[in-house]
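Open the model in your viewer and keep the selection panel at hand. Each stop below says what to select and what is there.

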Amino acid sequence: MDDRVKLYVLGISYSQLHSGAFALLLAQEGGPYRIPVVIGAAEAQSIAIKLEGINPPRPLTHDLFVSFAHAFGVKLKEVFIYKFEDGIFSSELTFSDGERTIVLDARTSDAIAIAVRTHTPILTTRSILQQTGFIMDVDGALRHPEEIDPEAIEDNNETEFDDPSDDFRGADYLAEPKLENYAIEELERTLAQLIEDENYEEAARVSEILNRKKKRSGNSQSPDSENKTQY
């Protein structure tokens, strides 16, 4: 586990090397390395919308995925960029529902788009960091590690670098799925478990949310719906 390092999203810019593509810039947390990842326009827009705090009138695909996972009590534990080969980054997502842990392969652009919505840690290996990363020089320019004096790198490691914004740190970094997004079946299962654990205070809160959802679900059907002829 010591070989893995944390990253955060620094920004997005138009790719000068790939027409119609964008460069997602990932930064080493507390360190000098920056990793550019080429992504498509749709994924860039999805990530940018979340970073800018824009709420679209209808959920985007990544928003829908997060809502679906939260509805069933599934939490994204981490995004791990585990391989770089032929110019392509490979990533995997680790999910857990409290009982099972499942690892799924994903495009890095999709993984990051989901991570910024769930405040999930983004990790990679030191070898990938050194192979693909650039170092932020004193003047703010990005330089390949081979262009930097090794002694300067050691000095940089002792320097305090910009940390990610508060939106991606602290307790919210591992934010739990909201109970309001749970499906009715999942709320019932959670309520039963809380009662079994004698956590009655939390059980009361879940019960209130469950009753509201059941009431809304019942009201969503028209009173005349049962009288309509089925074709």
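Contact, on this tour, means heavy atoms within 4.5 Å. This is a predicted model, where local features need pLDDT of at least 70, side-chain atom pairs count only at pLDDT 80 or more, and totals for chains, interfaces and linings use all residues. Residues are numbered from 1 along each chain as its sequence is written, and side-chain values use heavy atoms, with hydrogens and water left out.

**The whole chain**

Start with everything shown. The protein has seven helices and nine strands. Helices (H or I, at least four residues) and strands (E, at least two) are DSSP runs, numbered from the N terminus. Of the 231 residues, 39% count as buried. Buried means under 20% relative accessible area, exposed over 50%, and partly exposed in between, with a 1.4 Å probe and protein chains only. Among contacts with a separation of 6 or more, 53% come from residues 24 or more positions apart.

**Stop 1: Ile128**

Select Ile128, in helix α4 (residues 126–132). Ile128 has a relative accessible area of 3%, so this residue is buried. What is Ile128 in contact with, leaving aside its neighbours within four places in sequence? Ile81, Tyr82, Lys83, Phe84, Phe89 and Gly133. Now pick the C-alpha atoms of Ile128 and Tyr82. They are 7.9 Å apart in space, with the two positions 46 residues apart in sequence numbering.

**Stop 2: aromatic pairs**

A search of the whole structure finds four aromatic pairs. Rings of Phe, Tyr and Trp (its six-membered ring) pair if their centres lie within 6.5 Å; planes under 30 degrees apart count as stacked, over 60 as edge-to-face and the rest as tilted. Select Phe68 and Phe72. Their ring centres are 5.2 Å apart and the planes stand at 55°, so this pair is tilted. Phe68 is exposed, at 55% relative accessible area. Phe72 is partly exposed, at 41%.

Next, show Phe80 with Tyr82. This pair is tilted too, with 6.5 Å from centre to centre and 40° between the planes. Is Phe80 buried or exposed? Phe80 is buried, with a relative accessible area of 11%. Tyr82 is partly exposed, at 32%.

**Stop 3: helix α3**

Select residues 108–118, which form helix α3. This helix is mostly covered, with 10 of its 11 residues buried. Those buried include Ala111, Ile112, Ala115 and Val116.

Add helix α2 (residues 61–71). The axes of α2 and α3 come within 10 Å and cross at roughly 60°. Axes are lines fitted to C-alpha atoms, for helices over the stretch in contact, and angles run from 0 to 180 degrees between N-to-C directions. That crossing makes α2 oblique to α3. Angles under 35 degrees count as roughly parallel, over 145 as roughly antiparallel, 65 to 115 as roughly perpendicular and the rest as oblique. The α2–α3 crossing is right-handed. A crossing is left-handed if the near helix is turned anticlockwise from the far one by less than a right angle, and right-handed if clockwise.

Show the side chains here. From α2, His62, Asp63, Phe65, Val66 and His70 meet Asp110, Ala113, Ile114, Arg117 and Thr118 of α3. This contact has four nonpolar, three polar and three charged residues. Ala, Val, Leu, Ile, Met, Phe, Trp, Tyr, Cys and Pro count as nonpolar, Asp, Glu, Lys and Arg as charged, and the others, Gly among them, as polar.

Swap α2 for helix α1 (residues 41–51). The axes of α1 and α3 come within 9 Å and cross at roughly 15°. The two helices are therefore roughly parallel to each other. Their crossing is left-handed. On the α1 side, Glu43, Ser46, Ile47, Lys50 and Leu51 make the contact; on the α3 side, Ser109, Asp110, Ile112, Ala113, Val116 and Arg117 do. By class, these are five nonpolar, two polar and four charged residues.

**Stop 4: two positive phi angles**

Step to His119, in the loop between α3 and β7 (122–125). His119 is not a glycine, yet its phi is positive, about 55°. Then go to Asp86, in the loop between β4 (75–85) and β5 (88–96). Phi of Asp86 is positive as well, near 55°. Asp86 is exposed, with a relative accessible area of 72%.

**Last stop: Ile209**

Finish in helix α7 (residues 200–219), where Ile209 lies. Ile209 counts as buried, at 4% relative accessibility. Add Tyr182, 27 residues away along the chain: the C-alpha atoms of Ile209 and Tyr182 are separated by 9.4 Å.
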